[in-house]
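Student: I have a protein model to study. Could you take me through it with questions and answers?

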Amino acid sequence: MSLPKDDDATLSVRWSQGVLLKRDVFSTVERGRFRADDGEVDGVLRRLDQVPFWSFALALHLFSRERRALALARDLDVGPKLLWAGRRALVRGFIDGAALHLAKPHGDVAYFRSAKAALRKLHRAGICHNDLAKEQNWLVGRDGRAYLTDFQLAACFKTRSRLFRIAAYEDLRHLLKHKRSYAPEALTPKERKVLAKKSAVASIWLKTGKKVYQAITRGIFNFTDREGGGRRLVNDAPVLIDLIRKNPQVRDTAIVAFADRRVGVGLYAFVEADQSALEKTLRNELTAARGVKPPEHIQVVHALPRDAAGKPRTEILQLVAMNQIDLIEPMMRSDADREFLKDILEQRKNLRDRFNFEVAEMDRPAG
């Protein structure tokens, strides 16, 4: 499925390809540079030219919803700005920040205050996002503020109808669920009441429509979106982790997903061990096991980054695997973190899709 000639002509002149962020049966998403009327800026491109024919109708419907919502929200400063939109491709502005599940703003009351304000702006403009249960659709900006992204399921209303009020209520309830996860002590009594009461539509959806939706997307479309990782992260990664841990030289391992231009979704295994030469041995062992496909990349590290509870900080490893290096620095908490991360970055494997980010940036002091 190719792009219309006018879309292709515009992109060939104004778009510079950068990092592949995601590819599924509904679109391909890339980060790059866009030549706007007032100069070149960072942007994110969604295109439908690599969507299979059997999912194209639904993909086009989702694309149209996003295009309309972004156009309506253009000047609200709560999400990406629509830079250009064609018939089967659009470019939105890049927001300098990390997804909620990566940034993990524990105890950050100011962030959730800004999130509520952003949602209020969106609703005043007659837009309901409808997909805010996903943490990856909430961004923590470098400025500390909350931003929303991925408007494919958004609905735009001309009046504050009953359906609008229900959708807006569910947007708010999903925000408060995230607030309960990261800043529960900041929940007000009124917010706790909202959390405790689903709308009737949401209750019916969970019992009926959601099951049909999952049967179609996961069964017919073979689509799973756990933090953007797809079925390989859900089904293959646990099997691979068990196989890798059987090697006596391995202390621990963590596997994350990344978008790959050749295979769609690739897996990147970070293995904690002392011998860097172990990589070849592990790959041979995984191939010989003849189970699931081995990870596209295996990197042996002396120590995995860990949180206070001792669990691997997969949010950092995810960004390394995706070459989103410029988003990692705000997540560094100490000089030890920076020194460790510098070692990982210098040996990282996925260099195919990248911007010219400098590893030296990680040496900057916090603040």
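The turns below go through charged pairs, a sheet, cysteines and some buried side chains.

Student: Is this model predicted or experimental, and what pLDDT do local features need?
Tutor: The model is predicted. Local features are therefore held to a pLDDT cut-off. That cut-off is at least 70.

Student: How many salt bridges does the model have?
Tutor: Side chains of opposite charge can pair when their charged atoms come close. Here a nitrogen of Lys or Arg must lie within 4 Å of a carboxyl oxygen of Asp or Glu. By that rule the count is 25.

Student: Arg-173 and Glu-170 form a salt bridge; how far apart are the closest N and O atoms?
Tutor: Both residues sit in helix 5, 3 residues apart, which means about one helical turn separates them. Arg-173 is buried at 5% relative accessibility, and Glu-170 is buried at 11%. Their closest N and O atoms are 2.6 Å apart.

Student: Arg-232 and Glu-296 also meet in a salt bridge. How many residues apart are they in sequence?
Tutor: The N to O distance of this salt bridge is 3.0 Å. Arg-232 lies in helix 8, while Glu-296 lies in the loop between helix 9 and strand 13, so the pair ties together separate parts of the sequence. Both residues are buried. The parts they tie together are 64 residues apart.

Student: Arg-306 and Glu-272 meet in a salt bridge. Which distant parts of the chain does the pair link?
Tutor: The N to O distance is 3.2 Å. The two residues are 34 residues apart. Arg-306 is in the loop between strand 13 and helix 10, and Glu-272 is in strand 12.

Student: Is Arg-306 buried, partly exposed or exposed?
Tutor: Buried means under 20% relative accessible area, and exposed means over 50%. Glu-272, at 9%, counts as buried. Arg-306 has 31% relative accessibility, so Arg-306 counts as partly exposed.

Student: Which residues are linked with Arg-306 in a network of salt bridges?
Tutor: Glu-272 pairs with Arg-306 in a salt bridge. Both belong to a network of salt bridges. Linked with Arg-306 in that network are Arg-245, Arg-251, Asp-252, Glu-272 and Asp-274.

Student: Now the open sheet of 5 strands: which strands stand at its edges?
Tutor: The strand order is 1-2-3-5-4, with antiparallel pairing. An edge strand has a single partner strand, so one of its sides is left without a neighbour in the sheet. The edges are strand 1 and strand 4.

Student: By how many degrees are neighbouring strands of this sheet turned against each other on average?
Tutor: Strands of a sheet pair through backbone hydrogen bonds, either parallel or antiparallel. This sheet is antiparallel. With direction ignored, the average turn between its neighbouring strands is 25 degrees.

Student: Which residue in strand 5 is the bridge partner of Leu-82?
Tutor: Strand 4 covers residues 82-85. Strand 4 pairs with strand 5 in the antiparallel sense over 3 bridges. The partner of Leu-82 in strand 5 is Arg-92.

Student: Helix 2 lies across strand 3, strand 4 and strand 5; at about what angle does helix 2 run to strand 5?
Tutor: Helix 2 spans residues 56-72. Strand 5 spans residues 89-93. The angle between helix 2 and strand 5 is about 40 degrees.

Student: Why is Cys-156 not bonded to Cys-128, and how many disulfides are there?
Tutor: A disulfide is a covalent bond between the sulfur atoms of two cysteines. The two sulfurs would have to lie within 2.5 Å. The sulfur of Cys-156 is 8.9 Å from its closest cysteine sulfur, in Cys-128, so the distance is too far for a bond. The disulfide count is 0.

Student: What is the relative accessible area of His-129?
Tutor: His-129 is found in the loop between strand 7 and strand 8. The residues that His-129 touches include Leu-122, Phe-151 and Asp-171. His-129 is buried, with a relative accessible area of 0%.

Student: Which residues, beyond four places in sequence, are in contact with His-174?
Tutor: His-174 lies in helix 5. His-174 is buried, with a relative accessible area of 17%. Its contacts beyond four places in sequence are Leu-132 and Ala-133.

Student: How far apart are the C-alpha atoms of Leu-100 and His-178?
Tutor: Leu-100 lies in helix 3 and is buried, with a relative accessible area of 0%. The contacts of Leu-100 include His-178 and Tyr-182. Leu-100 and His-178 are 78 residues apart along the chain, and their C-alpha atoms are separated by 8.8 Å.

Terms used:
Residues numbered from 1 in each chain as written. Predicted model: local features only at pLDDT ≥ 70, side-chain atom pairs only at ≥ 80, totals over all residues. Heavy atoms only, no water. Salt bridge = Lys/Arg side-chain N within 4 Å of Asp/Glu carboxyl O. Helix = DSSP H or I, 4+ residues; strand = E, 2+ residues; numbered from the N terminus. Buried < 20%, exposed > 50% of the residue type's maximum accessible area, 1.4 Å probe, protein only. Contact = heavy atoms within 4.5 Å. Pairing = 2+ DSSP bridges. Axes fitted to C-alpha atoms, helices over the stretch in contact; angles between N-to-C directions.
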